[in-house]
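Please look over the structure shown here before reading the notes that accompany it.

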Amino acid sequence: MEKAANPEEHPEADIIRATERERLRALVDADMEVAWRLHAEGFQLVTPGGGTYSREEYLGDIASGEVDYLVWEPTSEIEVRVYGDGAVIRYRAHIEIMVGGTLDVANTWHTDSYEKRDGQWQVVWSQATRIPGNRN
């Protein structure tokens, strides 16, 4: 039986990492054209507080300024596991965000699911978890 390729060494892994970095830049810059392209139809975000956003709600709040990312920087390597036309990524990040005029600064874990649709990697699910205190 042939051994399956290691999903961490998949040739698409660097493309997915670059796509996630492009997505983060688009969200910080409120570049809605890029943000819409990189978030799949049916996208859902689960926030650190347990709330959920659809793609329309999330990107709509960013476009309106209700949600304003000031900083979103990965603080660890973006780990990638690719399974055919699907992938899961995981990384830590530092975020500074204004929500409804209130500043929140947090260190977070991110776990995102990507799918390759029509030749383009798009995020379909995203979950962020706040890291308490100064622990990594």
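The report below takes up a pocket, a surface patch and several salt bridges in turn.

## The largest pocket

This is a predicted model, and the description begins with its largest pocket, which has a volume of about 300 Å³. The lining of this pocket is made up of 18 residues, and those that lie nearest its centre are Thr47, Pro48, Tyr69, Ile97 and Val99. When the lining is sorted by class, 12 of its residues are nonpolar, four are polar and two are charged.

The elements that give two or more residues to this lining are the strands β3 (67–74), β5 (86–99), β6 (102–117) and β7 (120–130). Among these, β6 gives the most, with four residues.

## A nonpolar patch on the surface

On the surface, Leu70, Leu103 and Val105 form a nonpolar patch, and together these three residues have about 250 Å² of accessible area. One of them, Val105, is found in strand β6. Val105 counts as partly exposed because its relative accessibility is 42%, a value that lies between the limits of 20% for buried and 50% for exposed.

## Salt bridges between helix α1 and other parts of the chain

Side chains of opposite charge can pair when their charged atoms come close. A search of the whole structure finds 10 salt bridges, including one between Arg17 and Glu77, in which the closest N and O atoms are 3.6 Å apart. This pair links distant parts of the chain, since Arg17 belongs to helix α1 (residues 13–29) whereas Glu77 sits in the loop between β3 and β4 (79–83), 60 residues apart. The two partners fall into separate classes of accessibility: Arg17 counts as buried because its relative accessibility is 12%, under the 20% limit, while Glu77 counts as exposed because its relative accessibility is 55%, over the 50% limit.

A second link of this kind is the salt bridge in which the side chains of Asp112 and Arg23 meet, with an N to O distance of 3.4 Å. Here too the pair links distant parts of the chain, with Asp112 in strand β6 and Arg23 in helix α1, 89 residues apart. Is each partner buried or exposed? Asp112 counts as buried, because its relative accessibility is 0%, and Arg23 is likewise buried, with a relative accessible area of 1%.

## A further salt bridge and a network

The side chains of Arg117 and Glu115 also meet in a salt bridge, with 2.8 Å from N to O. Both partners count as partly exposed, because the relative accessibility is 29% for Arg117 and 31% for Glu115. Elsewhere, salt bridges that share partners join Asp14, Arg17 and Glu77 into one network, so that the pair of Arg17 and Glu77 described above forms part of a wider set of contacts.

## Lys116 in strand β6

Lys116 has its place in strand β6. With a relative accessible area of 27%, Lys116 is partly exposed. The C-alpha atoms of Lys116 and Ala87 are separated by 8.5 Å, although these two residues are 29 residues apart along the chain.

Conventions: Residues numbered from 1 in each chain as written. Predicted model: local features only at pLDDT ≥ 70, side-chain atom pairs only at ≥ 80, totals over all residues. Heavy atoms only, no water. 1 Å grid on protein atoms, 1.4 Å probe; cavity = no way out; pocket = protein on both sides within 12 Å on 5 of 7 lines; lining within 4 Å. Points joined across faces, edges and corners; volume = space filled by probe spheres on them. Nonpolar A, V, L, I, M, F, W, Y, C, P; charged D, E, K, R; others polar. Patch = residues over 30% accessible without salt bridge, like charges linked within 9 Å, V, L, I, M, F, W, Y side chains within 5 Å. Areas by Shrake-Rupley, 256 points an atom, 1.4 Å probe, with all protein chains shown as cover. Salt bridge = Lys/Arg side-chain N within 4 Å of Asp/Glu carboxyl O. Buried < 20%, exposed > 50% of the residue type's maximum accessible area, 1.4 Å probe, protein only.
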